[in-house]
Amino acid sequence: MRKVVFVLMLCILGLVGPFSAQAEQTESNVAREHQFKFGKKTPFSIPDEATRFAFQSGYTFDYPEDGVRGIYVTGNTAGGQRFQTLLDLINSSELNSMVIDIKDDHGYLTYLPEESSQFKDVSKNYITDPNQLMKTLEENQVYPIARIVVFKDSVLANKRPELSFKENGDVWKNNRGEAFVNPFLKEVWDYNIQIAEKAAKLGFKEIQFDYVRFPEGFERRDEMLEYEVGTYKDGENNVERRVAAVSDFVAYAKEQLAPYGVDVSVDIFGYAATIEEAPGIGQNFAKISSHVDVISSMIYPSHWTPYFGIDKPDLYPYELTKAYAEVENKVLNNIENRPTSRPWIQDFTATWLGTGNYKQYGKKEVEAQIKALQEEGINEFLLWNASNQYTEGVNYKP
């Protein structure tokens with residue numbers, strides 16, 4: 001029996017072949033026409049024997065008994081001098097976790113893998129010693145979460161244009177100059193899952209996937225751009241196939257990562273919980289939530305237009321967060337295997353909203369968001385500040 005399990009283990013670890021570069025294929029400058037009708041899909045599954053394999057990283061990280069309360073940390077910060085400042089913040093407060101970039105918003109790995117790695121040429125030496133990083137986190141009892149940006153990936157899109165979206169033969173980019181890779185393609189799925197496996201082997205206890213979606217406003221250009229649809233050639237409409245591709249990726253990733261014993265979480269737009277599905281980007285809150293251990297809605301008050309009867313949400317962090325949490329709970333209560341809710345909340349000031357539309361965020365505003373979540377039974381949260389500068393003196397368990 002042991003021999004059989006061992007063979008199965010080897011098979012699982014070898015399921016995904018190496019990511020090999022392919023020559024760019026000549027594309028027509030004319031947008032493709034697609035017919036939509038989905039075939040019946042077989043649910044992803046892993047043999048019972050496979051789930052008995054439990055990867056051991058050599059580190060010991062226990063899930064916080066009273067829930068994850070974490071901060072976002074870029075690769076630059078994790079590998080730089082400011083990391084100690086954040087470590088001191090955690091050690092002197094009720095915070096207990098870090099979400100650390102392993103694949104960043106551009107598509108780069110934030111550390112250098114081995115020379116033979118297929119990811120060596122898409123890596124940056126931000127975290128010079130990832131093993132020492134993990135050891136430090138273990139010594140300080142900081143729960144480690146690896147953030148992996150999935151479908152927003154300018155690096156891969158430029159390297160492999162056939163895996164992206166094209167416009168007039170060139171890689172399409174949004175108005176911020178960012179390129180996306182194609183969620184319809186399983187090769188793109190496997191590329192990101194292999195990176196997630198590397199994070200699990202480093203010792204991270206949770207894989208957090210971000211940008212698990214199509215580009216914003218994709219519904220306005222889906223018939224104009226050139227792209228492959230993989231196995232999603234049939235479907236009733238464009239929305240259905242986008243939702244299926246995104247939801248299927250999450251389910252596939254969850255099962256592929258099962259042998260490593262890591263939790264899987266997904267970042268998602270907060271408004272996705274308030275509608276049946278976000279048609280352009282392919283996010284269905286309920287379907288994605290049913291495939292993950294943790295769902296992390298991005299509910300920064302500054303990112304809402306007038307909503308929940310609140311004209312200027314950034315001015316009302318408690319009211320906005322409270323209203324959102326009520327809606328989310330209703331959706332999650334209808335899911336059989338309800339995931340942990342762990343929203344992203346705001347610890348930054350949105351000056352770009354203009355005078356009268358924003359307020360300075362500090363101790364009072366951060367605590368207001370946390371209090372609103374707690375009143376709705378949500379005891380986990382993550383703090384977002386892109387520059388990793390967090391408010392001091394906050395009571396994280398108000």
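How many of the five residues of strand 8 are buried? In this predicted model, five of five are, so to speak, under cover, and strand 8 is mostly covered. The residues of strand 8 point in two directions: Val294, Ser296 and Met298 go one way, Ile295 and Ser297 go the other way, and all are buried. This pattern fits a general rule. In a regular strand, side chains alternate between the two faces of the sheet.

Strand 8 has a partner in strand 7 (263–269), and the two pair in the parallel sense over five bridges. Within that pairing, valine 266 has isoleucine 295 of strand 8 as its bridge partner. Strand 8 also pairs with strand 9 (residues 340–341), again in the parallel sense, here over two bridges. Isoleucine 295 appears once more in this second pairing, with serine 341 in strand 9 as its bridge partner.

These strands belong to a protein chain with eleven helices and eleven strands. Of the 398 residues in the chain, 54% are buried. Contacts that reach far along the sequence are well represented: among those between residues at least 6 apart, 79% join residues at least 24 apart.

A second group of parallel strands involves strand 1 (69–73), strand 2 (97–103) and strand 3 (residues 143–149). Strand 1 and strand 2 run parallel and are joined by four bridges, and tyrosine 72 stands opposite valine 99 of strand 2. Strand 2 in turn pairs with strand 3 in the parallel sense, over six bridges. One of the matches here is between lysine 103 and isoleucine 148, its bridge partner in strand 3. Strand 2 is mostly covered, with seven of its seven residues buried.

Helix 4 (residues 83–91) packs beside these elements. Its buried residues are Phe83, Leu86, Leu87, Leu89 and Ile90. They lie on the same side of helix 4, because the arc they cover around the axis is only 155°. The neighbours against which the buried residues of helix 4 pack are strand 1, helix 3, strand 2 and helix 5 (130–139).

Threonine 74 is found in the loop between strand 1 and helix 3. This threonine counts as buried because its relative accessible area is 16%, under the 20% cut-off. Leaving aside neighbours within four places in sequence, threonine 74 is in contact with Asp101, Ala386 and Asn388. Another long-range relation links threonine 74 to asparagine 385: the two are 311 residues apart along the chain, yet their C-alpha atoms are separated by 9.9 Å.

The largest pocket offers a further view of the model. Its space amounts to about 1,000 Å³, and its lining is made up of 42 residues. Nearest its centre lie Tyr211, Phe269, Met298, Tyr300 and His303. Helix 3 (75–78) and strand 7 are the elements that give two or more residues to this lining. In terms of class, 18 lining residues are nonpolar, twelve are polar and twelve are charged. Met298, named here beside the pocket centre, is also one of the buried residues of strand 8.

Tyrosine 211 deserves a separate word on its backbone. Although it is not a glycine, tyrosine 211 has a positive phi of about 55°. This residue sits in the loop between strand 6 (206–210) and helix 8 (238–256). Tyrosine 211 counts as buried because its relative accessibility is 18%, and the cut-off for that class is under 20%. Phenylalanine 308, a residue other than glycine, likewise has a positive phi, near 55°. The loop that holds phenylalanine 308 runs between strand 8 (294–298) and helix 10 (317–332). With a relative accessible area of 29%, phenylalanine 308 is partly exposed, since that class lies between 20% and 50%.

Helix 10, which follows that loop, contains threonine 321. At 0% relative accessibility, threonine 321 counts as buried. Not counting residues up to four places away in sequence, threonine 321 touches Ile299, Gln369, Ala372 and Leu373.

How values were computed:
Residues are numbered from 1 along each chain as its sequence is written. This is a predicted model: local features need pLDDT of at least 70, side-chain atom pairs count only at pLDDT 80 or more; totals for chains, interfaces and linings use all residues. Side-chain values use heavy atoms; hydrogens and water are left out. On a 1 Å grid over the protein atoms alone, a cavity is a set of points where a 1.4 Å probe fits but cannot get out, and a pocket is an open set with protein on both sides within 12 Å along at least five of seven lines; lining residues have an atom within 4 Å of a point. Grid points are joined across faces, edges and corners, and a volume is the space filled by probe spheres set on the points. Ala, Val, Leu, Ile, Met, Phe, Trp, Tyr, Cys and Pro count as nonpolar, Asp, Glu, Lys and Arg as charged, and the others, Gly among them, as polar. Buried means under 20% relative accessible area, exposed over 50%, partly exposed in between (1.4 Å probe, protein chains only). Contact means heavy atoms within 4.5 Å. The arc is that of the directions from the helix axis to the C-beta atoms. Two strands pair if DSSP finds at least two bridges between them.
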